[in-house]
Amino acid sequence: MSATSSTILNLPDQRTATLPKRTYINNEDGLLSWLFTGDHKRIAILYLISITFFFFIGGAFAGLIRLELLTPQGDLMASDTYNKMFSMHGIIMVFLFLVPSVPATLGNFLMPIMLGAKDLAFPKINLLSWYLYWLGGIVVLGALVLGGVDTGWTFTTPLSTHYLNTHVVTAATGVFILGFSSIFTGLNFIVTIHRMRAPGMTWFRMPLFVWSHYAASILMVLGTPVLAITLTLVALERLVGIGVFDPTKGGDPLLFQHLFWFYSHPAVYIMILPGMGVISEVISTFSRKRVFGYTAVAFSSVAIALFGFFVWAHHMFIMGVSNYSALVFSLLTMLVAVPSAIKTFNWAFTMQKGSITFETPMLYAFGFLGLFTIGGMTGVFLGALGMDIHLTETYFIVAHFHFVMVGGMLMAFLAGIHFWWPKMTGRMYPESLSKLAAVTTFIGFNLTFLPQFILGYLGMPRRYHAYPPEFQVLNVLSTAGATVLGVGYMLPLLYLAWSLKYGAIAGNNPWQATGLEWQIQSPPITENFIEIPIVDHEAYDYEWLEHKTAQEVTTVG
Amino acid sequence: MHISPVLWQFLVKWLNASALFPREASTIAPYADALYFFLLLITVVGLTFVGCLIFGFAIRYRKEKHPIAIQVEGSTLLEATWTIIPLALFLIVFVWGALLYFRIYNPPTNAMNIYIVGKQWMWKAEHPGGQHEINALHVPMGRPVQLTMIPQDVFHSFSIPDFRVKREVIPGRYSTVWFNATTPGTYHIFCTQYCGTNHSAMIGEVTVLSPDDYEKWTQQSTSGTSLAQNGERLFASMGCNACHSGSAAARGPNLAGVYGSKLQLTNGSQVLVNDAYLRDSILNPSQHITAGYAPIMPTYQGQISEDGLIDLVEYIKSMQSNYRVQQTLTTSESNQAAPTTPGVVKP
Amino acid sequence: MDNTIVATHPHTHETAVAAEHEHVALPQHRHHFETPEQQREAGTFGMWLFLLTEIMFFGGLFFAYLLYRNWYNPAFVAASNQLSIPLGTANTAILISSGFFMALAVWAAEVRKKSLLVIFLVLTTLFGLAFLGIKYFEYKEKWDKNHIPGQNFDVREFVNPHAYGLKEEPLAPDMAQKTQVFFFLYFAMTGMHALHMIIGIVLLFWLMWRANRGEFSAGYVAPIENFGLYWHFVDIVWIFLFPLLYLINRHPVS
Amino acid sequence: MSEYHDPSNVVNPEHADHHIVTPVTYGIVFATLLIFTGITVAAAFKNLGILNPVVALAIACTKGVIVILFFMHVKYQSKLVKLTVASGFFTFLVLITMTLSDYVSRAWGLW
């Protein structure tokens, strides 16, 4: 391969290349061998299929919401139907897609390999986590089938406890079960990272992907149970009428808000941190350069996890928390924005003096950087007390968290899926189509959500089924963008499925990346390594990789 | 290309009717917008900076031009720079935001008060003079107006985007917000906290009138009885006057002139009597026993609507002497109408 | 294996597998751990992480308790005095004993004494069941007095205690309503605790059965140890619940 | 294998040797717990004013710590486990104090 080519893609000779004979995919046959597997890679694939399924269900709701908002009148569906749509969209996307997206698929698949372990510490619990995911998913879908739930994903009391007769308890049960699924994933990761590292794999030799998953796992383990107890109390309040959140019985509705956001704010870090890990890997690989300021990026992940527990009340600034408290939480919110800024600059500087190529994962990573910067900065708007008064509960909020969650997390997820697709399946996806998809997604995304910032400053409230006519033009733009975005998401589904059979054989290390996962065959064998590796280099050590490749050429050739 | 003139006109009209920036119709709005533009500025600068870095590096160090990467560990100086500069910016934003927050939530003392009751799915405005409005609010221009708000059911949120004010309406306690409208006209009121099926129908209009027009409107639309007068009737019919008669031997404390005073409670604490205190001591009296009185007052939780509470609060606020209370009491006693033990009477 | 690259060392597959099998001393040793030691420590660590989630789970309830106890102190005092101190104290002692036998069971497993292990597990279970039995009678009394929060909640006893032969100060009617908050928290907290006990007892039966088969008599003690952690955690929750719920203000009001 | 291959993590700070606690220790701990239970009941019947809940909680914390240290073997565990336990209680305290900061400061007035 010549040094001046514009890609680092290095595939084996397609005329002679074959997939390895023995892989985790064909190690055992039959559906049962998948359903009772303990193999983290197979569970990751199970998860991947499951979350894709739920992503498109949630996406369908998003499409219907945007379609309804095309006109100012509520003409496509009745208002309670609309309310059920956005509630389901929220619950499915948050609990069934975003929280497990990267950790349960890519994290599950890669974490043990990156650490040089044969599997996660508790394979059975890992499988249990997937079953709980489906149990929770089915209960949530059950709530939908039985007639829906219209609380929004936030289950705000006293609305959810006393004023709705939809299936709140069913949906809450589903989310409760999903919480356990998430706890078990996080618990497994923490134990694996602490206990299963290969000899020589010190903390500061771990890839940043692992660091960010470590931070996210801590949040999962410590935050999720608080959501569980809160939802239990909501369910009890509905079923027995106990009144902890009911002001007429002496309860405080704000207590619900505190407990709910104690989980749900860290939850946004659970969602975004693993995505940040993916971006670190991708940018490093396609710049052929170690991540700039490795320790700063690693510690900023942990800092986000730590500070993440101190800022939840910024969701409640106008809800009647005391002014003093609001001040403290606003200040802490400003502090938590700093580690994200540090990360962004480090990623940008990783490219400096690198040797950059522009494959699909890198394009998605560029998209992530731009959109996450906007998403993060608009978070500062909302963290500033006085600004929050005008912006909160409007489309500004909607645009902000979609920039972080969809523009950030989903871009990172797609970057990761494309990046590790050859490792997971042994085959390449079609490059030009995937680039098209990346660009389509980026354009569609901006068209969908940039107008919503303007709508938000105009004051258009979120969760509105009908709206004043002067907001229509921007809503039409947004809906048009959503259509493009939808196409952008359908494309990968199609060509990735296609590539399973017809993609080019990828070989072990198509990107010439340094991670341990790239040094084994693709797809890997059942216990990843024939022999547990001994790690003698840092992550992102491209000189080590060059040296190793040179040696292989001399010994094999 | 030929565009049908009808379609063209429609398009032009459609685009002209669209909004891109909200009107500035209160004294707060320019302050909020100033912070907004500052934030926009740092966002754009930050985004441009990150964008320039990415595109600059991507072009300069693309593989064709720069085939061999040069490994760099990192740089403490740079790390410190991009820790401190964002931190400093964010702290400025914090201070600025906090100042704005207190501007919006700290009403001036001379503000006129209007009560807002939110219920699924309408806004009821109650003016002290006895004007009642639904999904509408008339306010004078150039006078600070404070809204004292409470919902009957769930969380709502009262938002007037063109004034840049918003406040959650919290079940079980009064919340307040204030504004000083600067331009006559009509502006949207939104409920921004999701409150059930017809959440998006819980919108209304605030009409800002010039002082003269406002005077006219007040005269024309009054219901004839002020809130305090309603409250007085309620005070008698609920039997409050039996204990709070103001006489020395009364079982309840004297309420005349109590509003705005500092009260010594049996539990030793001192409280300022305001709207929230009055409402709470009607619903949860035992936590607000004035020193020297026995905890015998029954609770009115569930027996009186939020509107009724507002009437009572407004009445007690306006009460300067007990003359009329005692008059009512004598009349009703002579008629044998008022029960001596209150508590079972529903309004 | 033409497509396989061994990460660093050029060992052959056969020697690697053989080397692994040397480590395997116990049938319960799982393949993906290098040593039983590593497996045991991973198990303990995982169990502790699970207990962290339990801390946070009860944490929400404890905060609700803290808040309402401060808001409605008189109601909490009066309602707390309705709980039986002898039963509560007895239960505390019973649960501590149960924990003690659990600790001894862990010891018995560690020194590989099968019959002692089974005996201690049985004792642990018996004391656990005794705790639940007493709890049942406490709940039943509340049921009879209509002190279960909900539709039928009855505050007469707190408004007019003397009529019921109680020496309490009467509560104002609005404050008496707040006793419902106390009782809800009482049932939620002790109920969650009892639920954990029931789960624990089910697990205990399973462990007893396995212990009786001699599964834990050859040096593999992780399940006993980790269950012990769980059981002691349930203990600790009660150690906090007892003073917080039963002993709010037992001394005469000064 | 090479010299830094340490499968049993003997030199790892996250590692601690397996320590068997004797029944005698358990017995002493058991007795202590029972005595503390007695003290906490007795203390509740004395009027200590504001100190009543403080004493009750202090005793409960002591008992809890004893159980954690001995029954749950944390005294003999690795630094990692100790840190884990501490972090759990730390997060719990964050939940309590930060939420309480709102409730306590609400009473300070509306500014």
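**Entry 1: sheet with β1 and β5, chain B**

I began at a single bridge: Asn113(B) has Gln146(B) as its bridge partner in β5(B). The model I am reading is a predicted one. I then looked up the two strands, β1 (residues 112–119) and β5 (residues 145–151) of chain B, and found them paired in the parallel sense over seven bridges.

Next I asked in what order the strands of this sheet lie. I read β3-β2-β1-β5-β8 in chain B, an open sheet of five strands with mixed pairing. I noted β3 (132–134) and β8 (175–179) of chain B at the edges; each has a single partner strand, so one side of each is left without a neighbour in the sheet. From one strand to the next I have an average twist of 25°.

**Entry 2: sheet with β6 and β9, chain B**

I found another open sheet of five strands in chain B, also mixed in its pairing, with the order β4-β10-β9-β6-β7. Which strands are its edges? They are β4 (136–140) and β7 (165–169) of chain B, and each pairs on one side only. The twist here averages 20° from one strand to the next.

I looked at one pair inside this sheet. Strand β6 (residues 156–160) and strand β9 (residues 185–191) of chain B pair in the antiparallel sense, over two bridges. I noted Phe158(B) opposite Cys191(B) in β9(B). I also checked what packs on the sheet: helix α4 (residues 211–221) of chain B does, and it touches β4 and β10 (204–209) of chain B. The direction of α4(B) makes about 130° with that of β4(B).

**Entry 3: helix α5, chain B**

I asked which residues of helix α5 (residues 227–237) of chain B are buried. I listed Leu227(B), Ala228(B), Asn230(B), Gly231(B), Glu232(B) and Phe235(B). I then looked for what covers them, and found that the cover includes β2 (122–126), α6 (240–243) and α8 (306–318) of chain B. After α5(B) comes Gly239(B), and I noted its positive phi, near 80°.

**Entry 4: chain C**

I counted the secondary structure of chain C: nine helices and zero strands. Along the sequence I therefore wrote the pattern as α-α-α-α-α-α-α-α-α. I noted that chain C has 254 residues, of which buried residues make up 49%. I also looked up the contacts in chain C with a separation of 6 or more, and residues 24 or more positions apart account for 76% of them.

**Entry 5: chain D against chain C**

I asked how many residues each chain brings to the contact of chain D with chain C. Chain D gives 38 residues and chain C gives 41 residues. On the side of chain D that touches chain C, I found that α1 (23–45), α2 (51–71) and α3 of chain D each supply at least two residues. The most comes from α3(D), with twelve residues. I sorted this side of chain D by class and have 24 nonpolar, twelve polar and two charged residues.

**Entry 6: chain A against chain D**

I looked up α3 of chain D again, here as residues 79–106, together with helix α11 (residues 323–350) of chain A. Their axes come within 7 Å and cross at roughly 145°. From α11(A) the contact takes Tyr324(A), Ser325(A) and Val328(A), and from α3(D) it takes Ser101(D), Asp102(D) and Ser105(D). I divided these residues by class into two nonpolar, three polar and one charged.

Notes. Residues are numbered from 1 along each chain as its sequence is written. Chains are lettered from A and ligands numbered from 1 in the order in which they are written. This is a predicted model: local features need pLDDT of at least 70, side-chain atom pairs count only at pLDDT 80 or more; totals for chains, interfaces and linings use all residues. Axes are lines fitted to C-alpha atoms, for helices over the stretch in contact, and angles run from 0 to 180 degrees between N-to-C directions. Helices (H or I, at least four residues) and strands (E, at least two) are DSSP runs, numbered from the N terminus. Two residues are in contact if their C-beta atoms, placed from the backbone, lie within 7 Å. Ala, Val, Leu, Ile, Met, Phe, Trp, Tyr, Cys and Pro count as nonpolar, Asp, Glu, Lys and Arg as charged, and the others, Gly among them, as polar. A residue is buried if 20 or more other C-beta atoms lie within 10 Å of its own, exposed if 12 or fewer, and partly exposed in between; C-beta atoms are placed from the backbone. Two strands pair if DSSP finds at least two bridges between them.
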